[in-house]
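Biologist: I have a protein model open and would like to learn how to read it. Could you take me through it, one question at a time?

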Amino acid sequence: MSPRKHTRRYRWTAVIGSVASCALLSGCFGSGDSQPTAAHHTRHHSRATEPTQPTDPTSTVGTSPPPTTAPASSSLLRFSPPSNGKHSHACLALHAGDDPAEFLYYPVLVKATSAVDLDSVTTVHTDGVVVAGSWVAPAPQTPSTGTLPGWPPAKIFTQSSSVQWSQRVSAAGAALDPAQGWYNVFLRIQVDPTPGDSTMSGVQLTYHDASGSHTDTWVDHVTFSMSC
């Protein structure tokens with residue numbers, strides 16, 4: 001695979017619904033059965049209050065604040081949306097000639113209940129999937145999560161008020177400060193279409209604190225296929 005080839009066509013078929021109405025870069029998830037209509041999907045999570053919209057006039061990425069509380073996967077980390085949630089399944093289309101297909105995968109927000117240092121952030125995946133980079137960044141007040149095709153991500157995303165892309169740091173060695181609150185997790189995913197269908201089943205975070213090392217997996221089911 002050649003990670004330097006970035007120009008290609010993508011078609012998306014996502015099977016993810018949203019838990020809040022939102023304005024997206026190119027598609028929208030409703031609280032019902034609506035699906036994204038174009039090459040980008042963004043998933044949201046919100047409290048029972050009405051979702052807020054980004055104030056950045058150059059971006060249409062829908063946003064909503066994370067819940068005040070979220071189910072814990074361990075005693076140290078919290079995730080939003082919850083692990084293995086209602087909408088944690090997607091199929092992303094691959095095409096012959098992709099070498100490889102690339103995606104920016106930022107599906108979850110994480111926060112620590114006490115100070116921890118990340119050792120690695122990757123995905124649980126099958127053959128054909130490579131994690132080519134991972135970062136974390138403090139989440140803005142109205143954050144977003146989702147998946148984007150292609151690499152590098154477009155300016156409409158990197159300059160959006162719904163992420164703080166310019167503040168990202170390498171996940172390995174990053175300190176999660178409980179006072180900061182939520183962090184976006186960003187992963188650069190490369191997928192080789194030749195082995196057939198490939199899958200990811202979650203984001204795995206390995207970290208440590210004064211008590212020792214820990215590993216948490218936030219469960220999310222993604223299939224990469226030519227037959228989505």
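What follows is a friendly conversation about this model, in questions and answers.

Modeller: Happy to help! This is a predicted model, so local features need pLDDT of at least 70 and side-chain atom pairs count only at pLDDT 80 or more, while totals for chains, interfaces and linings use all residues. Residues are numbered from 1 along each chain as its sequence is written, and side-chain values use heavy atoms, with hydrogens and water left out.

Biologist: How many helices and strands does the secondary structure come to?

Modeller: Helices (H or I, at least four residues) and strands (E, at least two) are DSSP runs, numbered from the N terminus. Read along the sequence, the pattern is β-β-β-β-β-β-β-β-α-β-β-β-β-β. The total comes to one helix and 13 strands.

Biologist: In what order do the five strands of the open sheet lie?

Modeller: Two strands pair if DSSP finds at least two bridges between them. The edge strands, each pairing on one side only, are strand 3 (89-93) and strand 10 (175-176). The pairing in this open sheet is mixed, and the order is 3-13-12-6-10.

Biologist: Which residue of strand 13 is the bridge partner of Val203?

Modeller: Strand 12 (residues 198-209) and strand 13 (residues 212-225) run antiparallel, joined by eleven bridges. Within strand 13, the bridge partner of Val203 is Trp218.

Biologist: And which residue of strand 13 is the bridge partner of Cys91?

Modeller: Here strand 3 and strand 13 run parallel, with five bridges joining them. The strand 13 partner of Cys91 is Thr223.

Biologist: Why is strand 3 largely enclosed by the rest of the structure?

Modeller: Buried means under 20% relative accessible area, exposed means over 50%, and partly exposed is in between (1.4 Å probe, protein chains only). One example is Cys91, which counts as buried because its relative accessibility is 15%. Strand 3 is largely enclosed because the buried ones among its five residues number four.

Biologist: Which cysteine is joined to Cys91 by a disulfide?

Modeller: A disulfide is a pair of cysteine sulfur atoms within 2.5 Å, and a search of the whole structure finds one. The pair links distant parts of the chain, 137 residues apart, with Cys91 in strand 3 and its partner in the segment after strand 13. The S to S distance is 1.9 Å, and the partner is Cys228.

Biologist: Is Cys228 buried or partly exposed?

Modeller: The relative accessibility of Cys228 is 32%. This value is why Cys228 counts as partly exposed.

Biologist: Which three residues touch the most other members of the largest nonpolar core?

Modeller: A nonpolar core is a set of buried Ala, Val, Leu, Ile, Met, Phe, Trp, Tyr and Cys residues joined through side-chain atoms within 4.5 Å. The largest one here has 31 residues, and strand 11 gives the largest share, five residues. The three that touch the most other members are Leu77, Ile189 and Phe224.

Biologist: Which side chain has a polar contact with that of Gln190?

Modeller: Gln190 lies in strand 11 (residues 183-191) and counts as buried because its relative accessibility is 7%. A polar contact is a pair of N or O atoms within 3.5 Å; within protein, one must be able to donate a hydrogen and the other to accept it, and residues adjacent in sequence count only if both atoms are side-chain atoms. At 2.9 Å, the side chain joined to that of Gln190 is Glu102.

Biologist: Which backbone oxygen does the side chain of Ser134 reach?

Modeller: Ser134 is placed in strand 7, and its relative accessible area of 16% is why Ser134 is buried. The C-alpha atoms of Ser134 and Val121 are separated by 6.3 Å, although these residues are 13 apart along the chain. At 3.2 Å, the side chain of Ser134 reaches the backbone oxygen of Val121.

Biologist: Which residue does a cis peptide bond join to Trp151?

Modeller: Look in the loop between strand 8 (145-149) and helix 1 (155-158). Omega of this bond is about 0 degrees, and the residue joined to Trp151 is Pro152.

Biologist: Where is Asn84 found?

Modeller: Asn84 has phi near 55 degrees, a positive value in a residue other than glycine. Asn84 is partly exposed because its relative accessible area is 44%. Its place is the loop between strand 2 and strand 3.
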